[in-house]
Amino acid sequence: MAIRYRVLLLGIVIFLVYAAIHTLNLFPFPKDDMQHENSEAFSGVLRLWISEKNSASPSGLSAWLSRESAQFEKKHDGVYVQITPVSEKTLASFSYAAELPPDMIVFSPGMLESNDGLVKTDVSNLLRTEFQNYESHLCTPIAIGASFWAIRNENAREPLSGKTLLFEKGNSLRALYALKKDFSPSAPHSAQYGIDLGLPISIDQNDEPIIEETHSISPGSGSLILENAKSAFIKGEGDAILMTQKDLPYLLNASGSPEFEIAMTGDLYTDCLSLFSVTDAKDGEAKEMCASFLEHLLSEDAQKRLESAKAFSVTGEVIYSGKAHYQEIEMMLSEAKLIPAPAFSYTEDPEEALLSVISGSMRISDALPVQP
């Protein structure tokens, strides 16, 4: 009798196991489907080089990229993104690397002399209007910084013309480029005056500064270009300072920092971009996976996580709700027409060219970057 029950019980167990296997075949778990699908696509390491010089983030984008690559790897089984910080010089020669050239690079405008070794990736539908045709899709902005005026509260409602304006030496180039509207390759040397950010620049050696009436700011005689204009501004030695969001933490956290408001004038020229490109190191499914990683970086969630890097979105996502000055800058960026810097430049030393213009020994058209 006991034997019969055991046989019956064994039969029931076998039946249940068979039924379970059959059910799994009919209704596989979604995770199994995902793994199966990914196993048929590219599997391997994608190498990304990044130079943080002139990054759109005050602390650099490497940490943000690392977090986003981890998110990307979860979606693509067997794919690994290897992020390597390199020097500006190393990145500029990526296409000549003897071994293991990168599959993707992140760089700042003017860092590469040419677009050799880059391939097109069309993700224009994900970008805000100003970036949709940027550099013929050979590079794509993934994060943006901003230039703006910080104006002491007691002067915020008054015109800035005639006031003492301060410029950080490292930000002066931004003010120079903001004067130029036309960046078309067909007229690389045309110096058309557009928005003036207050930098005293003359078109010829002995001329007075040429200031356009619209959005014009005429700097007072006390205006200065300083190594540390932020410190002078905090001490009350200036009425307004041209700065970027990279300087905000310093200004907000410094002892004795004044109350200030933020303003922009007219169209905004920005060279504070972080650009992403896919190289020709791989082809086929590997290259497609690189493009997929770019799409991930431009996704709504990834762009909102830029807040952690204190940069701004290039897709129009709102990421700074409730954060005082960052929120103000973000709102102004959304309302401004952006003029992005050319990605590739043959200018050898733009800072030196800028100082020559300021001193009046060079025409503005000779100091602007030459596009290939």
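Let's start with a charge over a ring: Lys-230 lies over the face of Tyr-250, 5.2 Å from the ring centre. Keep in mind that this is a predicted model. Another such arrangement involves Arg-152, whose charged end sits over the ring of Phe-233 at 5.6 Å from its centre.

Now for rings meeting rings. A pair of aromatic rings is described by the distance of the centres and the angle of the planes. The count here comes to 8 aromatic pairs. One of them joins Phe-131 and Tyr-134, with 6.3 Å from centre to centre and 80° between the planes, and it is edge-to-face. Both Phe-131 and Tyr-134 are buried.

Trp-149 and Phe-167 make another pair: their centres are 5.8 Å apart and their planes stand at 70°, so this one is edge-to-face, given that angles over 60 degrees earn that label. What does the pair tie together? Trp-149 belongs to strand E6 (residues 147-152) and Phe-167 to strand E7 (residues 165-168), so the two rings link parts that are 18 residues apart in sequence. Trp-149 is buried, and Phe-167 is too.

Ring pairs also connect Phe-72, Phe-276 and Phe-293 into a cluster. Two of those names come back when we turn to the helices: Phe-72 in H3 and Phe-293 in H8 are among the residues where these helices meet. The axes of H3 (residues 62-75) and H8 (residues 285-297) come within 10 Å and cross at roughly 120°. That angle makes H3 oblique to H8, and the crossing is right-handed. On the H3 side the contact residues include Trp-64, Leu-65 and Lys-75, while H8 brings in Met-289, His-296 and Leu-297, among others.

Note on methods: Residues are numbered from 1 along each chain as its sequence is written. This is a predicted model: local features need pLDDT of at least 70, side-chain atom pairs count only at pLDDT 80 or more; totals for chains, interfaces and linings use all residues. Side-chain values use heavy atoms; hydrogens and water are left out. Rings of Phe, Tyr and Trp (its six-membered ring) pair if their centres lie within 6.5 Å; planes under 30 degrees apart count as stacked, over 60 as edge-to-face and the rest as tilted. Buried means under 20% relative accessible area, exposed over 50%, partly exposed in between (1.4 Å probe, protein chains only). Helices (H or I, at least four residues) and strands (E, at least two) are DSSP runs, numbered from the N terminus. A charge sits over a ring if NZ of Lys or CZ of Arg is within 6 Å of the ring centre and within 35 degrees of the ring normal. Axes are lines fitted to C-alpha atoms, for helices over the stretch in contact, and angles run from 0 to 180 degrees between N-to-C directions. Angles under 35 degrees count as roughly parallel, over 145 as roughly antiparallel, 65 to 115 as roughly perpendicular and the rest as oblique. A crossing is left-handed if the near helix is turned anticlockwise from the far one by less than a right angle, and right-handed if clockwise. Contact means heavy atoms within 4.5 Å.
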